[in-house]
Every structure is written in C-alpha cells, then in structure tokens.
Amino acid sequence: MTASTRLPSPLTSWVEQVLGPLEAMRDASHVRDNSQVWKVTRHAGDRYVQVAPKPVLYTRETRAYRGAVPHLGHDNAPVLHDSSAALLALVLTKVDGEQLEGDRHSDPLVTARGRRTVERLKQEERR
C-alpha cells in the first residue's frame, strides 16, 4: 500500500497533462506492499491511476486493457484512458456496470466474489 494519498510529482504532472486539473485524490491501493493506485477526482469524473511495480507487469496490464478488456464491454471492466511506459503508469476508468460473467457461468463462488467487489467499489464511491 502506498504511504501517501498524494501522487508523486512526476506522476501528477503526467496525469494533469492527460486529464487536466485534478480536484482531489486519495489512495485506493490494495493491502499489498507493491500496490500503487490512486483515485483522482476531476470535474469531468473520476479516474484511477495505477503504477505497475515492474515493467513486465506494466506490459501485461496494458496489453490486457488494449486487447482483452474491450471484448468484455465497457460496463464489465475498466477502460484504459492512457498509459506511460516511462512511469509504468496507467489511467483507467472505473467499472460502471454490474453485470458479472460469474452470473452467466453459474459459478456461485466467482459470482459471490464479484458481487462483493462491486459492492466494495460502490461503498468507496459513496465516501
């Protein structure tokens, strides 16, 4: 988890070039040592900024967001807004929809986990 709710300076500069002025930001990292995710608020809506801990993970994530995620539909997965290989950073949208793949395949454990994730994200959005 990151130690600060603020984006590091080089990352802030890049994100503001991509999105424009930011109104607020907060740490949205998972409880892992190498998780670096921030929720940034701006006039036109929220985005998430994620920094990959290693170049190979950055490459994997950007490849997934560009290749696989569009096939899931915009309501089922975050959309890659922009990325920076130099900063290992991605700017993502949030997931707007609630339709889960686990519903279609009738796997109760996957469906339950997906619903808990959606509920947690909705709770965080209300704060």
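Contact here means heavy atoms within 4.5 Å. Helices (H or I, at least four residues) and strands (E, at least two) are DSSP runs, numbered from the N terminus. The structure is a predicted model, in which local features need pLDDT of at least 70 and side-chain atom pairs count only at pLDDT 80 or more, while totals for chains, interfaces and linings use all residues. Residues are numbered from 1 along each chain as its sequence is written, and side-chain values use heavy atoms, with hydrogens and water left out.

It helps to begin with the overall layout. The chain holds 4 helices and 5 strands, and from the N terminus on these elements follow the order α-β-β-β-α-β-β-α-α. Confidence is expressed as pLDDT, the predictor's confidence in each residue, from 0 to 100. Its average over the chain is 80, and 79% of the residues score at least 70. Among the elements, strand β5 (residues 89-92) has the highest mean pLDDT, 95, and helix α3 (residues 101-104) the lowest, 53. Over residues 97-101 the pLDDT stays under 50, and the model has 10 contacts beyond four places in sequence for this stretch.

Next comes the question of inside and outside. A residue is called buried under 20% relative accessible area, exposed over 50%, and partly exposed in between (1.4 Å probe, protein chains only). Of the 127 residues in the chain, 37% are buried. Accessible areas come from the Shrake-Rupley method with a 1.4 Å probe, and for residues only the protein chains shown count as cover. The chain exposes about 8100 Å², with carbon and sulfur atoms supplying 53% of it. Among contacts with a separation of 6 or more, 45% are between residues 24 or more positions apart.

Helix α1 (9-19) is a good place to look more closely. Its buried residues are L11, T12, W14, V15 and L19. These fall within an arc of 170 degrees when seen down the axis of α1, so they line one face of the helix; the arc is that of the directions from the helix axis to the C-beta atoms. S9, P10 and Q17, on the other side of α1, are exposed. The cover over the buried residues of α1 includes β2, β3, β4 and β5. After α1 comes G20, which has a positive phi near 95 degrees.

In soluble globular proteins, nonpolar side chains tend to be buried together. A nonpolar core is a set of buried Ala, Val, Leu, Ile, Met, Phe, Trp, Tyr and Cys residues joined through side-chain atoms within 4.5 Å. The largest one in this chain has 22 residues, of which L7, L11, V15, L22, V40 and V49 touch the most other members. At least two residues of this core come from each of α1, β2, β3 (45-51), α2 (55-72) and β5. V40 shows how such a member is surrounded: leaving aside neighbours within four places in sequence, V40 is in contact with L7, L19, L22, A24, M25, G45, D46, R47 and V49.

Another residue of interest is V37, found in strand β2 (residues 37-42). V37 is buried, at a relative accessible area of 14%. Not counting residues up to four places away in sequence, V37 touches R26, D27, A28, S29, Y48, V49 and Q50. From V37 to R26 the C-alpha distance is 8.7 Å, with their positions 11 residues apart in sequence.

In helix α2 the residue to follow is Y65, which is buried with a relative accessible area of 16%. Beyond four places in sequence, Y65 is in contact with P70, P78, L80, L90 and L92. The C-alpha atoms of Y65 and P78 are separated by 7.9 Å, although the two residues are 13 apart along the chain.

Finally, the region around β4 and β5 offers a contrast. S84, in strand β4, is buried at 10% relative accessibility. A polar atom of the S84 side chain lies 3.2 Å from the backbone nitrogen of L87. Leaving aside neighbours within four places in sequence, S84 is in contact with W14, Y58 and A89. In the loop between β4 (80-84) and β5 sits A86, which counts as exposed at 79% relative accessibility. L88 belongs to the loop between β4 and β5, yet L88 is buried, with a relative accessible area of 18%. Most residues other than glycine have a negative phi. L88 is not a glycine, but has a positive phi of about 55 degrees.

Conventions: A polar contact is a pair of N or O atoms within 3.5 Å; within protein, one must be able to donate a hydrogen and the other to accept it, and residues adjacent in sequence count only if both atoms are side-chain atoms.
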